[in-house]
2 protein chains.
Amino acid sequence: MMELKEYFPMWEKLTSAQQARLLAASDKRHFERGQIVHNGLTDCTGLFLIRSGQLRAYTISEEGREITMYRLFERDICLFSASCIMRSIQFDIVIEAEKDTEAWLIPAETYKGVMEESAPLANYTNEIMASRFSDVMWLIDQIMWKSVDRRLANFLLEESALENTSRLNITHEVIGNHLGTAREVVTRMLRYFQNEGMVKLSRGTVELTDMDKLRNWNNK
Amino acid sequence: MMELKEYFPMWEKLTSAQQARLLAASDKRHFERGQIVHNGLTDCTGLFLIRSGQLRAYTISEEGREITMYRLFERDICLFSASCIMRSIQFDIVIEAEKDTEAWLIPAETYKGVMEESAPLANYTNEIMASRFSDVMWLIDQIMWKSVDRRLANFLLEESALENTSRLNITHEVIGNHLGTAREVVTRMLRYFQNEGMVKLSRGTVELTDMDKLRNWNNK
């Protein structure tokens, strides 16, 4: 548990009493790839500080369609899984483990208690929220003004960088869930990309065959 | 200037030294309807605490198209006009006065200084940001999953409630800028609404003639 402090930002700005409270209340959690970490507003487990792995935050429409909001990586703090710490957080978000993930769970009540008395922690929390806000503003810009083909090109390049491979094991449906687009649209677009020589499709995989062309496509 | 404290939330949770700093640095500002209050990231005037009037926050695409993010009213604090107080705020937003507006300007540096030492102010700032975050998440839900006709019906009802009239003085282009939609699309949709008996169009005005039907349209 002592390891927590090496991952927790601004740890040294907390008093030793505050540090002790966080340490005593926190717990290590393991999530398998695909497991749901947090499910909507009524669920207020606590904050997750990621030790290793990858989380995806997304929303779901009434009809069950998904769109990815942002992702969280090592040393990131997942704030909205503790939405009850602020009454102004009034939206549903789902968080799933995209890779096997190790994280510390800091209970919402403990974090809230320390944040209420610690200006450094409250200010740090502000920075976390501003950072997610920037992600979401970027997303609005994308869905409002960029065509789906450019967003698809960008998504493929991002995935390839995250997975460190040019051969992605991903279905058209999963891509659709990231982009908030129907599977059929993704399939049509990927076939078009294949004709343009940018990807090569086979069952369950998308291989990026011309990264430069994809990059230009995204920036066009 | 003493009036500021009656509008500033959680004023009594600040120390008298902090109160004095905020009072000494703050200034009253007047904006005419249509005036730009804040223009993008490089502009970091400070926070505006609204005494009366109405502000609109929106973003602009590279091609100059607009979409409204949220609005601010009496007693609201406009935080992102002081984007430099947090380094994680990485997006451009434009804020304009939608009505003649009186506001206190609190310089960014002063606010930041007090926030860094005051847990109550930092926590309050968190609540402001969470509230805007909720607005923006609502917007994503709208633009992703709701058709433009439903968003238009909702917008007309909202405008009518804000202006307290069923006869809106608004052009199709301005409506398009709120919704992030081309003027032509708005015109087509409004004509359709007119045929359905929900609105009556004349030069520069949209009159809502069947509120119930508009409400059902929005919820359908």
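## Exercises on a predicted two-chain model

The open sheet in chain B consists of 4 strands in the order β1-β8-β3-β6, with antiparallel pairing. This is a predicted model, in which local features need pLDDT of at least 70 and side-chain atom pairs count only at pLDDT 80 or more, while totals for chains, interfaces and linings use all residues. Residues are numbered from 1 along each chain as its sequence is written, chains are lettered from A in the order in which they are written, and side-chain values use heavy atoms, with hydrogens and water left out.

**Exercise 1.** Identify the edge strands of the sheet and describe how β3(B) is joined to β6(B).

*Solution.* Strands are DSSP runs of E with at least two residues, and helices are runs of H or I with at least four, numbered from the N terminus. Two strands pair if DSSP finds at least two bridges between them. The edge strands are β1 (27-31) and β6 (77-78) of chain B, each pairing on one side only. Strand β3(B), residues 46-52, runs antiparallel to β6(B) and is joined to it by 2 bridges. F48(B) has C78(B) of β6(B) as its bridge partner.

**Exercise 2.** Determine how α2(A) and α3(A) are oriented and which residues bring them into contact.

*Solution.* Axes are lines fitted to C-alpha atoms, for helices over the stretch in contact, and angles run from 0 to 180 degrees between N-to-C directions. The axes of α2(A) (residues 16-25) and α3(A) (residues 108-117) come within 10 Å and cross at roughly 170 degrees. The two helices are therefore roughly antiparallel, a term for angles over 145 degrees. Contact means heavy atoms within 4.5 Å. Q18(A), R21(A), L22(A) and A25(A) of α2(A) meet T110(A), Y111(A), G113(A), V114(A) and E117(A) of α3(A).

**Exercise 3.** Establish how chain A is related to chain B.

*Solution.* Copies are superposed by least squares on the C-alpha atoms of residues with pLDDT of at least 70 in both. A rotation of 180 degrees with 0.0 Å of shift along its axis places chain A on chain B, with an RMSD of 0.0 Å. The copies are thus related as by a two-fold rotation axis. In chain A, the C-alpha nearest this axis belongs to A119(A), at 1.9 Å.

**Exercise 4.** Is S118(B) buried or exposed, and which residues does it touch?

*Solution.* S118(B) lies in the loop between α3 and α4 (119-145) of chain B. Its relative accessible area is 3%, so S118(B) is buried (under 20%, with exposed meaning over 50%; 1.4 Å probe, protein chains only). Not counting residues up to four places away in sequence, S118(B) touches A119(A), L14(B) and Q18(B).

Note on methods: Angles under 35 degrees count as roughly parallel, over 145 as roughly antiparallel, 65 to 115 as roughly perpendicular and the rest as oblique.
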